[in-house]
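Biologist: I am new to this protein, and I would like to go through some of the labels given to its residues. Could you show me the model and set each label against its cut-off?

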Amino acid sequence: MPSRLFYSLVGLAGIFLSVASCGPAAPTPQAGGGIGGTGSLATVSSGPVTKFGSVFVSGTEYDNTNTLYCIDHEPCSTVNRLKLGMVVLVNGTRTVEYGSNNTLLHTADTITYEETVEGVVQSASADGLSFVVLGQVVFVNLKTEIDPSLQGATPHSLDPGKVLNALVEISGFVTGDGTILATLIQPHTGIPHYEVEGMIKNHDRIANTFEIGSLVVNYSRPTTDLSQMPSPTSQSWNGLVVFVLGDQWNPGGPGPYGARMNATSVKPKTLGVSDSEDTEVEDFVTRIEGPGDFYLNNVHVQTDTGTAFEGGTITDILVGSHLEVSGPLRNGILTAASIEFDDEVELVANVESVTPAANSLTLLGLNGLTVTFDGRTDLSGQGNPTAVGDLHSGDHLQIHGRLRGSGILLATEVERSDPSSQVQLEGYVTDAADPWLTLLGSRIDTTSIPESGFRGRSGTIGRSTFFAGLGTAEQVTLQGRVVGTQVVWTAARRAR
């Protein structure tokens, strides 16, 4: 595995984006009015586009009046071609009020986007919740933005028939070895440039190859651009997250959906700067060095006694944890001022009952779970509801939230959509004994799920394999449909 020194050198040397020169040059606050006045800090942030009006990245609003957009290998311009779900890098400034340090404005100077994967879909699961591209298993969840031309039976799944063998572009997060959580899926038009982001393993410095998931990458061509990589003859690249660009691929790598690609360039993923007083990163933990010392994708993060935690503790930071981290970046190391756990519960279901006085509701088929609302819950959708009292029994809701004790889900986002019988639940198992699963405080009988409905990363695995070794804290997705006053469960998928 690479040393800390290796990652520090990559953080300093891997300046692969033009944003480093386009953005503010210094993190020092700039005077704006003396005592009681304002100042500005240089900022860098990474995360998905979550909203427009201006531009929201990981929920933070940026003024984009004079933003330069650098979109996926094309010349930078002032034309905003961003889409919801694109994971982007933002260089800009934060204007603060002296004394209080209150943020007055975030300004985006440059927004840069590169696809996570572009390639031909090699296989697609029957439930439309996962597929394979360039040897990478790509997962879909309730936040994934899917182009209408590829949507399945619900807005939150793919049509396997339409997506299989299609050339697609995917933005998302690398969550582990050869696994990606998609935030945006859309068809590719024009000449393809095959691309993949992922973690290197099995680096062979003699054969000039390495693997990412089930993809074997060959970088032996004299014209392959390795200028931003450490010398392959002196340093193993294993464990480094990279962007690989290629001009051709073919099936035949390791595993049932293996692939091979000839690289035209390989470069490490970086923030583009090694120092910034104001840094925000949303991503998945890829490596643990020790308690409070870990890597968020390629970003080295360390906690200290002043780190504030929301939604978890230092012991909850594990490989695969989804985090938002903010703090100062110095010499390539992000010292966490705050860490927010983003392991949200996601579900689509029909309302069973509403209790406006308690700002809560229950859902059909999920006995034992109560969904609560507070002043920060974002309620939207059909009929423009503004309060719990605007919701009714039978309403079809898409809900994002966080567990607050056994059987209590605090909703962060709730959207009412057209009536539907489709039900989907994504959460962490707290108990499992065939045929019962307990998620979100609800004890669910999976007897109605057929053998072919139990799935894992590689496809159908059957009931016995599904339950074998299924422990607490593993994420499971359940699908079903409303029949009368009951939910009939039809499929279950393990995340690993």
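Modeller: Please keep in mind that this is a predicted model. To begin with a definition, a salt bridge is a side-chain nitrogen of Lys or Arg within 4 Å of a carboxyl oxygen of Asp or Glu.

Biologist: Why is the contact of E289 and R287 called a salt bridge?

Modeller: The N to O distance between the side chains of E289 and R287 is 2.6 Å, and the cut-off is within 4 Å, so the pair is called a salt bridge. Side chains of opposite charge can pair when their charged atoms come close. In total, the structure holds 12 salt bridges.

Biologist: What makes R287 buried or exposed, and what about its partner E289?

Modeller: R287 has a relative accessible area of 13%, and because buried means under 20%, R287 is buried. E289 has a relative accessible area of 25%, which lies between the 20% and 50% limits, so E289 is partly exposed.

Biologist: How do you know that R81 and E74 form a salt bridge?

Modeller: Their closest N and O atoms are 2.9 Å apart, and this is within 4 Å, so the term applies to R81 and E74. R81, with a relative accessible area of 34%, is partly exposed, and E74, with 44%, is partly exposed as well.

Biologist: What does the salt bridge of D395 and R416 tie together?

Modeller: The side chains of D395 and R416 meet at 2.9 Å, N to O. Because D395 lies in the loop between strand 29 (378-381) and strand 30 (396-403), while R416 belongs to strand 31 (residues 408-417), the pair ties together parts that are 21 residues apart in sequence. D395 has a relative accessible area of 14% and R416 one of 11%; each value is under 20%, so D395 is buried and R416 is buried. Elsewhere, salt bridges that share partners join E197, K269 and D283 into one network.

Biologist: What makes the backbone of H73 worth a remark, and where is this residue placed?

Modeller: H73 has a positive phi of about 75 degrees although it is not a glycine, and its place is in the loop between strand 4 (68-71) and strand 5 (87-97). With a relative accessible area of 44%, between 20% and 50%, H73 is called partly exposed.

Biologist: Which bond joins D434 and P435?

Modeller: A cis peptide bond joins D434 and P435, with omega at about 10 degrees. P435 has its place in the loop between strand 32 (422-433) and strand 33 (436-439).

Note on methods:
Residues are numbered from 1 along each chain as its sequence is written. This is a predicted model: local features need pLDDT of at least 70, side-chain atom pairs count only at pLDDT 80 or more; totals for chains, interfaces and linings use all residues. Side-chain values use heavy atoms; hydrogens and water are left out. Helices (H or I, at least four residues) and strands (E, at least two) are DSSP runs, numbered from the N terminus. Buried means under 20% relative accessible area, exposed over 50%, partly exposed in between (1.4 Å probe, protein chains only).
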